[in-house]
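Reader: I'd like to get a feel for the empty space inside this protein before I plan anything. Can you walk me through it?

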Amino acid sequence: MLYYLGPRGSFTEKAGKVFSKLTSLPLQPTSTIYEIFENVDKNNAYGVVPSENSIEGSVTLTQDLLLEYDVKILGEVDIDINHNLVGYNKDKIEIVISHPQALAQCRKYIKEHGWKTKAVSSTAKAAEIVAKKKDERLGAIASIEAAKLYGLKVLDRNIQDYKNNKTRFILIGKKTPKFNAEPIAYKTTIIIELKEDRPGALYHILKKFAERNINLTRIESRPSKKRLGVYVFYIDFESHGDEKELFESLNKNVAYMKYLGTYPVFRKYI
Ligand SMILES: O=C(O)C(=O)Cc1ccccc1
């Protein structure tokens, strides 16, 4: 089973359809990203979750759960995100609801209209709520597919604050499934915690990648949840499959390292 952040019409469903086509795994919507990690960790299932967005950056819940749960990253795909205002009557809207990432990606648009906001578990959930409440004061930020699915009017199209809005989705699970298409690249993701807080500590770690001519594609610090000012670092890098010696060297120089996987990167159209 391939769980995704639902309900139907969500942007994660779009990514789920790409991975379902690549693996022939059947899709199953869930209400929260938490539920997906629980299903993957406890029931040996697969999941698709949003990882980061080109406007708003990381989906921090996904990043934190990657540290907390015993799951691997098994694949990646980037999906174009076009947000739309959907509802009944734009002039009557007082509150707009959507996923926190969608509200943030349309922050300027919302501010210009002076609307209040309410965060819910997904853009499609927001459309479902607006359709159920039948309240003209409510609008949702969601996909065109969600508007059609829940019988709402598209009141404004492509309302995100910046063009070329994309979200990176990752396939998570315990064991790599069989893919029926070739990827465009491979990546590795690790999480590290530095051994000590001293000048150059992070530099000496990153130097190991540079010395081996490895291209980093992302580095991000997240609170370690241990103490204010203590961070873990998420590092993505282009993988050519020969990282054993790098990991041995890193392990000698960090307090903690979690290997999240070496995985294929797919084009969205397969
Ligand atoms: O809410 C959704 O539709 C999702 O799939 C999460 C999300 C929200 C905004 C941008 C990308 C993914």
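**Domains and buried space**

Reader: How far apart are the centres of domain 2 and domain 3?

Author: This is a predicted model, where local features need pLDDT of at least 70 and side-chain atom pairs pLDDT 80 or more, while totals for chains, interfaces and linings use all residues. Residues count from 1 along each chain as its sequence is written, and side-chain values use heavy atoms, without hydrogens or water. Taken over C-alpha atoms, the separation between the centres of domain 2 and domain 3 is 39 Å.

Reader: Where does the largest cavity lie, given which domains line it?

Author: The assignment (automatic or from a database) splits the protein chain into domain 1 (2-81 + 165-173), domain 2 (84-156) and domain 3 (185-266). Domain 1 and domain 2 both give residues to the lining of the largest cavity, so the cavity lies between domain 1 and domain 2.

Reader: What volume does the largest cavity have?

Author: A cavity here is a set of points on a 1 Å grid where a 1.4 Å probe fits but can't get out, and its lining residues have an atom within 4 Å of a point. The structure holds two cavities of 30 Å³ or more. For the largest, the volume comes to about 170 Å³.

Reader: Which element gives the largest share of the lining of the largest cavity?

Author: There are 17 lining residues around the largest cavity, with F11, P50, H99, Q101 and T123 closest to its centre. Two or more residues each come from α1 (11-23), β3 (46-53), α4 and β11 (166-173); helices are DSSP runs of H or I with at least four residues, strands E runs of at least two. With three residues, the largest share belongs to α4.

Reader: And what volume does the second largest cavity have?

Author: Its lining includes S51, E52 and Q63, along with R168, T189, R218, D236 and Y263. At least two lining residues each come from β3, α3, β5 (72-80) and β11. The second largest cavity has a volume of about 50 Å³.

Reader: Which domains each give at least three residues to the lining of the second largest cavity?

Author: Go back to the lining: L66, I73, E76 and I170 are among its residues too. β3 and β11 turn up again here, each with at least two residues. The domains that each supply at least three lining residues are domain 1 and domain 3.

How values were computed
On a 1 Å grid over the protein atoms alone, a cavity is a set of points where a 1.4 Å probe fits but cannot get out, and a pocket is an open set with protein on both sides within 12 Å along at least five of seven lines; lining residues have an atom within 4 Å of a point. Grid points are joined across faces, edges and corners, and a volume is the space filled by probe spheres set on the points.
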